[in-house]
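Q: Please take a close look at one part of this model, the place where the ligand sits, and then set it beside the open and enclosed spaces of the protein.

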Amino acid sequence: MRPFLVVGNWKMNGTRESATQLVNEILRGPELPATAEIAICPPFVYLADMARLLNGGTLILGAQNLCAEDNGPYTGEVSGSMLRDAGCRYVIVGHSERRNLYAENDALVARKFMAAQRAGLTPILCVGETLTQRQRGETHAVIMRQLMAVLDAAGIDAFDQAVVAYEPVWAIGTGKTATSAQAQEVHALVRACISAGNARIGGAIRLLYGGSVKASNAAELFQMPDINGGLVGGASLEAYEFIAICKAAI
Ligand code: PEP
């Protein structure tokens with residue numbers, strides 16, 4: 001199994017000063033576990049500053065979004081190759097905030113996933129159901145639809161260099177975490193779906209859980225058989241809380 005992956009999604013928070021302080025606190029804090037890759041995803045404008053601070057060390061850089069196109073007349077957009085240039089290795093695609101607030105549909109998410117890979121970035125594909133969808137018993141159908149849209153467009157082999165994050169929308173930023181059993185059930189579904197296309201890729205792919213992960217619940221989530229790390233929002237803005245979550249990685 002590949003090492004666990006813990007990713008901090010800073011969203012649209014902080015200043016250059018607070019971002020610098022946060023990274024310095026993580027770098028100078030208690031030693032990060034060797035069993036996990038740890039990545040941070042700052043806002044675009046701080047990527048270059050953070051890359052200089054990280055200086056190719058163990059803490060990895062990722063981005064929160066990218067353009068589905070490689071270059072050209074797309075005012076305000078940032079391409080995968082620009083993110084590579086800035087020092088990123090990972091990029092989040094299909095975060096529920098992008099899907100819900102910026103109307104990114106499954107087809108666009110699939111195009112962003114492929115654009116990331118064309119640029120040599122590893123996409124972290126987010127999937128997740130809303131509370132209403134869960135209450136209606138639609139969780140599996142929603143997850144499968146979001147996953148199949150990318151599998152159909154990119155092909156199973158593309159998942160050899162990809163990460164999937166299950167993020168129930170009702171758990172993001174709400175303080176409500178999925179139980180480890182609820183998370184495991186969906187992770188098992190995602191792994192089974194990918195394994196049906198290629199057993200080796202399905203067995204090896206890292207599946208992250210995201211949604212109000214904290215130091216107090218990370219260990220229980222991370223011990224589930226199909227959870228291979230976390231996508232952490234709010235708690236990644238506190239160095240010691242984030243380090244404690246990383247330390248729960250198996
Ligand atoms: C996220 O931003 O992907 C996320 C899971 O946020 P939080 O940890 O704050 O719920």
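Which polar backbone atom, belonging to which residue, is 2.8 Å from an oxygen atom of the ligand?

A: A polar backbone atom of Gly234 is 2.8 Å from an oxygen atom of the ligand, a polar contact being a pair of N or O atoms within 3.5 Å; within protein, one atom must be able to donate a hydrogen and the other to accept it, and residues adjacent in sequence count only if both atoms are side-chain atoms. Taken alone, the ligand exposes 290 Å², of which the protein buries 96%, with accessible areas taken from the Shrake-Rupley method with a 1.4 Å probe. This is a predicted model, in which local features need pLDDT of at least 70 and side-chain atom pairs count only at pLDDT 80 or more, while totals for chains, interfaces and linings use all residues. Residues are numbered from 1 along each chain as its sequence is written, and side-chain values use heavy atoms, with hydrogens and water left out.

A polar backbone atom of Gly233 is likewise 2.8 Å from an oxygen atom of the ligand, and an N or O atom in the side chain of Lys11 is 2.8 Å from a ligand oxygen. In total, 14 residues surround the ligand, and the closest are Lys11, His95, Glu167, Gly173 and Ser212, where near means that a heavy atom of the residue lies within 4 Å. By class, this shell has four nonpolar, eight polar and two charged residues; Ala, Val, Leu, Ile, Met, Phe, Trp, Tyr, Cys and Pro count as nonpolar, Asp, Glu, Lys and Arg as charged, and the others, Gly among them, as polar.

Lys11 also appears in the largest pocket, which is lined by 24 residues, with Lys11, Met12, Gln64, Asn65 and Arg98 nearest its centre. On a 1 Å grid over the protein atoms alone, a pocket is an open set of points with protein on both sides within 12 Å along at least five of seven lines, a cavity is a set where a 1.4 Å probe fits but cannot get out, and lining residues have an atom within 4 Å of a point. The largest pocket has a volume of about 560 Å³, and its lining divides into 13 nonpolar, seven polar and four charged residues.

As for enclosed space, the largest cavity has a volume of about 30 Å³, and Val164, Ala165, Tyr166, His187, Val190, Leu207 and Leu208 line it. The lining of this cavity has six nonpolar, one polar and no charged residues.

Technical notes
Grid points are joined across faces, edges and corners, and a volume is the space filled by probe spheres set on the points.
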